[in-house]
Amino acid sequence: MNNIIFVNIDTQVDFIESKGKLPVPHAEAIKPELKKLTEIAEKNNIKVINTCDWHNDNSAELSNEPDYINTFPEHCMKDTEGAKFIDETNPKHPFIIDYDSNVLIEDAIQHRNIIIRKDKFDVFAGNPHSDSLFERFQEHIFIVYGVAENVCVNFAVKGLLSRGKEVYIVQEATKALPNIESTVESWKENGARMINLNDVETIITSYIQQNILGGTDLVNYNGDILKRDLT
Ligand SMILES: [Zn+2]
């Protein structure tokens, strides 16, 4: 295992598929990129933290008169088809962390695929175990993708940045809701970096080389230092 964690945000049927209950416009278009990231993770034995909207009739963000900013119509109801991950990202043999049950984080981190179910936009607010899970990964970089860029991805990115994490967002593998302002500029201002799929492979290759050679910075195609080696 290496020091890279993928964070797959809410790539569920109701959000991605046009037939879903709350589809992010044009989200089906990023399926090939999502599939590629899933394959890269499997091939390189990279841990994936998969967040998952998992609502019930009492969920605060659900409304019959939604404003599509703070409240939304019914979606990703627990145990329904719409709450499943799409085929392109479906986590193999996952450890599931529910928000209303006790789990041992020690058990969770033994698995390559971890699912965090959440009842809020924000993974850190929507599951009491999120903080202790992410805390376990102190020397890691987080590569984030999924939907919707300006809602749940935004909460995850900001939550990671505020906890001092190093965050990269795969811009080809995320989609925003059209009626809410883009969050990309504020991410960059707070130290996150937008990358593409090629950069992901470069980062992984650099990490492997770094582990073999030691003492090298992690750089991207442009020669920008992505992670400074402090040894
Ligand atoms: Zn939701």
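Author: Helices in this text are DSSP runs of type H or I with at least four residues, numbered from the N terminus. In this predicted model, Val200 has its place in one such run, helix H8, residues 197-213.

Reader: How many helices and strands does the protein have?

Author: The secondary structure comes to eight helices and nine strands. The protein has 231 residues, of which 39% count as buried.

Reader: How does one read a sheet, and in what order do the strands of the open sheet lie?

Author: Strands of a sheet pair through backbone hydrogen bonds, in either a parallel or an antiparallel sense. Here seven strands form an open sheet with parallel pairing, in the order E3-E4-E2-E1-E5-E6-E7. Its edge strands, E3 (95-97) and E7 (193-195), each pair on one side only. Neighbouring strands are turned by 25° against each other on average, direction ignored. Helix H2, residues 31-43, packs on this sheet and touches E1, E2, E5 and strand E6 (166-175). The direction of H2 makes about 140° with that of E6.

Reader: Which strands pair with E1?

Author: E1 pairs with strand E5, residues 141-147, in the parallel sense over six bridges. Five bridges join E1 to strand E2, residues 47-53, and these two strands also run parallel. Individual residues show the pairing: Ile4 stands opposite Ile141 in E5. Asn8 has a bridge partner in each neighbouring strand, namely Asn50 in E2 and Tyr145 in E5.

Reader: Which residues of E1 point one way, and which the other way?

Author: In a regular strand, side chains alternate between the two faces of the sheet. In E1, Ile4, Phe6 and Asn8 point one way, while Ile5, Val7 and Ile9 point the other way. E1, residues 4-9, is mostly covered, with six of its six residues buried.

Reader: How is a nonpolar core to be read, and which residues of the largest one touch the most other members?

Author: Nonpolar side chains tend to be buried together in soluble globular proteins. The largest nonpolar core here has 57 residues, and those touching the most other members are Val7, Ile143, Val144, Ala148, Ala156, Val157 and Ile169. Helix H6, residues 149-162, gives the most to this core, with seven residues. Leaving aside residues up to four places away in sequence, Val144 touches eight named partners, including Val7, Val153, Ala156 and Ile169.

Reader: Is Val200, in helix H8, buried or exposed?

Author: Val200 counts as buried because it has 25 C-beta neighbours inside 10 Å, and 20 or more suffice for that label. Beyond residues up to four places away in sequence, Val200 touches Ile40, Ile143, Val170 and Ile195. The C-alpha atoms of Val200 and Tyr168 are separated by 9.1 Å, although these residues lie 32 positions apart along the chain.

Reader: What backbone angles do Asp10 and Tyr68 have, and which residues does the cis peptide bond join?

Author: Most residues other than glycine have a negative phi, and most peptide bonds are trans. Asp10, in the loop between E1 and helix H1 (13-16), has a positive phi of about 50°. Tyr68, in the loop between E2 and E3, has a positive phi of about 60°. Asp10 is buried, with 27 C-beta neighbours inside 10 Å, whereas Tyr68 is partly exposed, with 14 other C-beta atoms within 10 Å. The cis peptide bond joins Val147 and Ala148, with omega about -20°; Ala148 is found in the loop between E5 and H6.

Conventions. Residues are numbered from 1 along each chain as its sequence is written. This is a predicted model: local features need pLDDT of at least 70, side-chain atom pairs count only at pLDDT 80 or more; totals for chains, interfaces and linings use all residues. A nonpolar core is a set of buried Ala, Val, Leu, Ile, Met, Phe, Trp, Tyr and Cys residues joined through C-beta atoms within 7 Å. A residue is buried if 20 or more other C-beta atoms lie within 10 Å of its own, exposed if 12 or fewer, and partly exposed in between; C-beta atoms are placed from the backbone. Two residues are in contact if their C-beta atoms, placed from the backbone, lie within 7 Å. Two strands pair if DSSP finds at least two bridges between them. Axes are lines fitted to C-alpha atoms, for helices over the stretch in contact, and angles run from 0 to 180 degrees between N-to-C directions.
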